Amino acid sequence: MFHTIGERLLADQLRTASPDRLGAYEAALPGARAAVLSRLWRGLVHDRLPWVVRHERAGDAVVLHLADGRRAHGPAPDPWDTRPSTTVVVLAGTAYHHPARLVRALRVPHGPEFAVELDNSTASLALSRTTPTPRDPPGNDWEWEQRVVDGHPYHPGCRSRPGFTAGEQLAYAPEHRPVVQLGLAATADALVVGDWPAHLREGRTVLVPVHPWQARHVLPDTPVRPGFPAHPLMSLRTLAPLAGGPHVKTALSARLTSSVRDISEHSVAHSVAVSAFLDRLARRLDGRLHITRTLAAASAGTADLAAVLRESPGAHADHEAGERVLPAAAFAGSPAAVLAFARLAGSVCLDLLDLGVALEAHGQNLLVIVDRAGDPVRLVYRDIADVRISPARLRRHRIAPPPLTGRPVTDDAGELRRKLFGSLITGTLGPLAGNAHTMRELLAALTRDLAHTDDVEALSTRPLPTKALTGMRLNPGRPGDAWTEVPNPLVGGIG
């Protein structure tokens with residue numbers, strides 16, 4: 001049974017694109033509704049929303065007192081819980097099982113638009129779950145990434161893909177394991193940095209890889225010729241060519257979760273230099289961290305037509321010795337591996353923060369090299385676009401800062417910690433822990449052997465920053481990220 005316009009629309013599209021999936025899609029909808037509703041309720045409870053005047057704990061439930069006098073109540077959410085634990089929220093005496101219907105009923109600013117996104121997220125998540133997981137273990141690094149099905153573990157828009165039909169999701173989304181045919185757009189006046197390869201040139205003309213969705217929906221008047229096939233990775237717009245070699249980050253100008261993704265000319269101009277700087281800095285960490293270097297980047301003068309070529313994470317693994325590159329999500333269900341990863345990631349990221357760089361170490365960016373036994377041995381970090389760099393901290397260690405200006409540069413300790421803690425702790429370790437009690441164990445293990453610094457003190461004793469993902473979507477005009485805090489399990493807060 002389809003409850004909303006979005007669910008029915010995707011079902012109608014499936015009848016044309018893949019009618020044999022319709023039964024599996026309908027069967028997956030109840031679980032998808034609960035998964036998105038759980039993420040939404042977590043945000044309503046923990047984000048600082050101006051129309052929630054106070055919270056009240058009532059046994060195993062929490063009551064939100066709204067500014068208009070109504071009350072909403074549901075289960076008291078563990079901020080680290082990733083299970084679909086919320087199946088109903090009661091608002092003013094009416095029970096809501098669908099996140100989109102709940103948000104419409106709240107009658108808050110930007111609620112109707114957000115409800116459409118939640119409807120899309122629920123339907124798309126159900127569709128994502130219709131592709132069976134192969135029984136055989138992955139044979140390639142990119143196959144591990146394609147097994148991450150449910151998207152962001154805490155974002156209610158975890159699978160929101162507005163503008164993508166059901167057929168386009170099946171054709172382009174990594175969890176469906178398609179092969180995507182990238183196109184090439186010729187431009188004679190592109191900004192190019194790094195060593196742009198010969199097979200993507202014709203004399204002085206640069207051939208910029210273009211995602212087919214982008215070619216159809218954003219660049220319909222731009223001539224795009226056939227390019228080459230590639231496997232989509234976790235971020236959807238980054239792909240691994242079937243022929244091997246560097247991965248391709250395309251300018252797919254679609255809203256995925258919170259942001260409209262593109263590739264700015266500013267980021268292209270600085271990408272190779274910043275990547276080389278981070279690679280040199282990572283070498284100070286005794287081989288524990290590799291940076292997937294940006295090898296080349298090109299922009300045709302618009303954020304809608306650009307591409308970045310960067311090393312494959314697999315280039316840093318010794319495959320002959322049995323090493324593999326995995327997303328951290330692959331450790332779910334293995335407490336020993338999760339603990340080993342937490343210790344490795346904590347030491348690497350806190351050491352790098354002390355040097356002067358805060359990584360955006362969420363599950364898409366921070367990958368793990370494991371040995372033949374499956375034990376974490378090193379880390380690989382990719383996508384330098386949203387790191388934060390502190391010139392003052394670098395100079396304290398007698399390191400010359402890179403020639404960079406703008407948003408990535410800050411000496412504000414709070415901003416640096418929010419960037420790292422809000423990605424590593426909330427984005428990567430939280431989903432692996434799955435609950436506050438396990439999270440306390442991971443944080444204790446992570447901090448136990450670290451040198452005492454102000455950053456480690458903050459991680460050990462203060463509430464933990466996390467992106468206000470629901471709040472950001474209910475205030476879309478606000479630029480940049482919005483933040484909130486959740487209780488730190490190390491200081492007694494586990495709810």
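Here is a short question-and-answer walk through some features of a predicted model.

Q: Let's start with rings. How many aromatic pairs does the structure hold?
A: There are three aromatic pairs here. A good one to look at is Phe 164 with Trp 213, which is stacked: the centres are 4.7 Å apart, with 5 degrees between the planes. The word "stacked" applies because the planes are under 30 degrees apart.

Q: Where in the chain do Phe 164 and Trp 213 come from?
A: From distant parts, 49 residues apart. Phe 164 belongs to the loop between α5 (141–145) and α6 (166–172), while Trp 213 is in helix α7 (residues 212–217).

Q: And are Phe 164 and Trp 213 buried or exposed?
A: Both of these residues are buried.

Q: A ring can also have a charge over it. Which charged end sits over the ring of Tyr 154?
A: That's Arg 42, whose charged end is 4.1 Å from the centre of the Tyr 154 ring.

Q: On to cysteines. How many disulfides are counted?
A: Zero. A disulfide would need two cysteine sulfur atoms within 2.5 Å. You can still look up individual cysteines: Cys 158 is buried, at a relative accessible area of 3%, and Cys 349 also counts as buried, with 1% relative accessibility.

Q: How do I read two packed helices?
A: Two packed helices are described by the angle between their axes and the distance between the axes. Try helix α9 (residues 335–355) and helix α11 (residues 413–433): their axes come within 11 Å and cross at roughly 175 degrees.

Q: Why are α9 and α11 called roughly antiparallel?
A: Because angles over 145 degrees count as roughly antiparallel, and α9 and α11 cross at roughly 175 degrees.

Q: Which residues in α9 and α11 meet?
A: On the α9 side, they include Phe 341, Ala 345, Leu 350 and Leu 353. Cys 349, the buried cysteine from before, is among the α9 residues too. On the α11 side you'll find, among them, Leu 416, Arg 417, Phe 421 and Leu 432.

Q: What about backbone angles? Which value does phi of Leu 236 take?
A: Phi is near 70 degrees there, a positive value in a residue other than glycine. Leu 236 lies in the loop between β10 (225–232) and β11 (238–241), and it is buried at 3% relative accessible area. Arg 398 has a positive phi as well, about 60 degrees, and isn't a glycine either. You'll find Arg 398 in the loop between α10 (391–396) and α11.

Q: Is Arg 398 buried or exposed?
A: Arg 398 is exposed, because its relative accessible area is 82% and the cut-off for exposed is over 50%.

Q: Now contacts. Which residues does His 46 touch, leaving out those up to four places away in sequence?
A: The list is Pro 77, Pro 79, Thr 484, Glu 485, Val 486 and Pro 487. His 46 itself is in helix α2 (residues 22–46) and counts as buried, at 14% relative accessibility. For a sense of distance, the C-alpha atoms of His 46 and Val 380 are separated by 31 Å, and these residues are 334 apart along the chain.

Q: One more: where is the place of Asp 383?
A: Asp 383 is in the loop between β21 (376–381) and β22 (388–389). Its relative accessible area is 18%, so it is buried. Leaving out residues up to four places away in sequence, Asp 383 touches Lys 249, Thr 292, Arg 310 and Asn 365. Its C-alpha atom is separated from that of Ala 282 by 14 Å, with the two positions 101 residues apart along the chain counted as their spacing.

Key:
Residues are numbered from 1 along each chain as its sequence is written. This is a predicted model: local features need pLDDT of at least 70, side-chain atom pairs count only at pLDDT 80 or more; totals for chains, interfaces and linings use all residues. Side-chain values use heavy atoms; hydrogens and water are left out. Rings of Phe, Tyr and Trp (its six-membered ring) pair if their centres lie within 6.5 Å; planes under 30 degrees apart count as stacked, over 60 as edge-to-face and the rest as tilted. Helices (H or I, at least four residues) and strands (E, at least two) are DSSP runs, numbered from the N terminus. Buried means under 20% relative accessible area, exposed over 50%, partly exposed in between (1.4 Å probe, protein chains only). A charge sits over a ring if NZ of Lys or CZ of Arg is within 6 Å of the ring centre and within 35 degrees of the ring normal. Axes are lines fitted to C-alpha atoms, for helices over the stretch in contact, and angles run from 0 to 180 degrees between N-to-C directions. Contact means heavy atoms within 4.5 Å.
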